[in-house]
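Colleague: Could you take me through one part of this model in detail? I'd like to hear about the largest pocket, and about the helices that go with it.

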Amino acid sequence: MKRFYKDTAVDAGEGGWRVLLDGKPMRTPAKAELVAPTRALADAIAVEWSAVPEKAEINAAHLPLTRLATTGLDRVTPQRERVIDDTVKYAGSDLLCYRATTPESLVKRQRDTWQPLLDWAAERYGARLVVANGTTFVTQPAGAVAALRSAVVAHGDLALSALYNLTHIAGSLVIALAVAERHISAAEAFAAAQLDELYQIERWGADPIATERHDGIKHDMNAGAEFLALLENHRLKKGG
């Protein structure tokens, strides 16, 4: 689909702020009105659409905030519990809990980067996860998983859309929550999530495929962090 509109705007609607294309409310793929709970998010989505060049193809990859919003409205809202379950399951196999045994330089880097995040989760949510050496699966304490579930449930549908995406990309619920809470930046989240691969690149060099993959991960993590920030901590379900 090529750009079919001239102007973008934002106005107040029921439950939040609507994004308008030529004065008409934008709709999601499921035909719901795209309503953002904050003006900041609606403005940013409008900017995405305004930036599409005249007569150019509309590429969803260039509209990451729009994608997260429509996913939240079309997919999270009607199956919220399933999305919560799919997000929380990462607590049972969080990347940060599985450590290398050699070489020592990698062991140290994982410990120095990952352990502070686990310590933060323990302090912030009362969720102390167990660390394993190697890849042998370790069962996490039920209380810790329940505490992390409560942290996930506290997010509204749109925020949950971004939180799940970050969790899936990072392979770590702790990293995603740390971004959502603004405890770490998107760049720090990328460095933590890709620590092993970045370590190998330092030793052996990068290749075009890995570089392209990392660029995609950075793009998605930046979008998730920006999306959550634009929600202005509008995370509690009852608050929208």
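**The largest pocket and its helices**

Modeller: Sure, and let's start with the make-up of the walls: the lining of the largest pocket divides into 17 nonpolar, 7 polar and 9 charged residues. Keep in mind that this is a predicted model.

As for volume, the largest pocket comes to about 940 Å³. It has 33 lining residues, and those closest to the centre are Pro-29, Thr-66, Arg-67, Thr-70 and Thr-71. Which elements give two or more residues to the lining? They are β3 (24-25), α2 (64-76), α3 (80-88), α6 (157-170) and α10 (208-230). The most comes from α2, which puts in 9 residues.

Now for how some of those helices pack. In general, you describe two packed helices by the angle between their axes and the distance between the axes. Take α6 and α10, both on the list of lining elements. Their axes come within 9 Å and cross at roughly 150°. Anything over 145 degrees counts as roughly antiparallel, so α6 is roughly antiparallel to α10. The crossing of this pair is left-handed. On the α6 side, the contact uses Leu-158, Ala-159, Ala-162, Leu-166, Ile-169 and Ala-170. Facing them from α10 are Ile-217, Asp-220, Met-221, Gly-224, Ala-225, Phe-227 and Leu-228. Sorted by class, that contact between α6 and α10 has 11 nonpolar, 1 polar and 1 charged residues.

Then there's α3, another of the lining elements. Its partner here is α5 (residues 142-153), and the two axes come within 10 Å, crossing at roughly 135°. That angle makes α3 oblique to α5. The crossing of α3 and α5 is right-handed. From α3, the contact takes in Arg-80, Glu-81, Ile-84, Asp-85, Thr-87 and Val-88, while α5 brings Val-145, Arg-149, Val-152 and Val-153. By class, the contact of α3 with α5 has 5 nonpolar, 1 polar and 4 charged residues.

Two bits of backbone are worth a look while you have the model open. Lys-31 sits in the loop between β3 and β4 (35-36), and β3 is one of the elements lining the pocket. Lys-31 is not a glycine, yet it has a positive phi of about 75°. The other spot is the peptide bond joining Thr-102 and Pro-103, which is cis, with omega about -10°. You'll find Pro-103 in the loop between β5 (98-99) and α4 (104-125).

Definitions and conventions
Residues numbered from 1 in each chain as written. Predicted model: local features only at pLDDT ≥ 70, side-chain atom pairs only at ≥ 80, totals over all residues. Heavy atoms only, no water. 1 Å grid on protein atoms, 1.4 Å probe; cavity = no way out; pocket = protein on both sides within 12 Å on 5 of 7 lines; lining within 4 Å. Points joined across faces, edges and corners; volume = space filled by probe spheres on them. Helix = DSSP H or I, 4+ residues; strand = E, 2+ residues; numbered from the N terminus. Nonpolar A, V, L, I, M, F, W, Y, C, P; charged D, E, K, R; others polar. Axes fitted to C-alpha atoms, helices over the stretch in contact; angles between N-to-C directions. Parallel < 35°, antiparallel > 145°, perpendicular 65-115°, else oblique. Left-handed = near helix turned anticlockwise from the far one by under 90°. Contact = heavy atoms within 4.5 Å.
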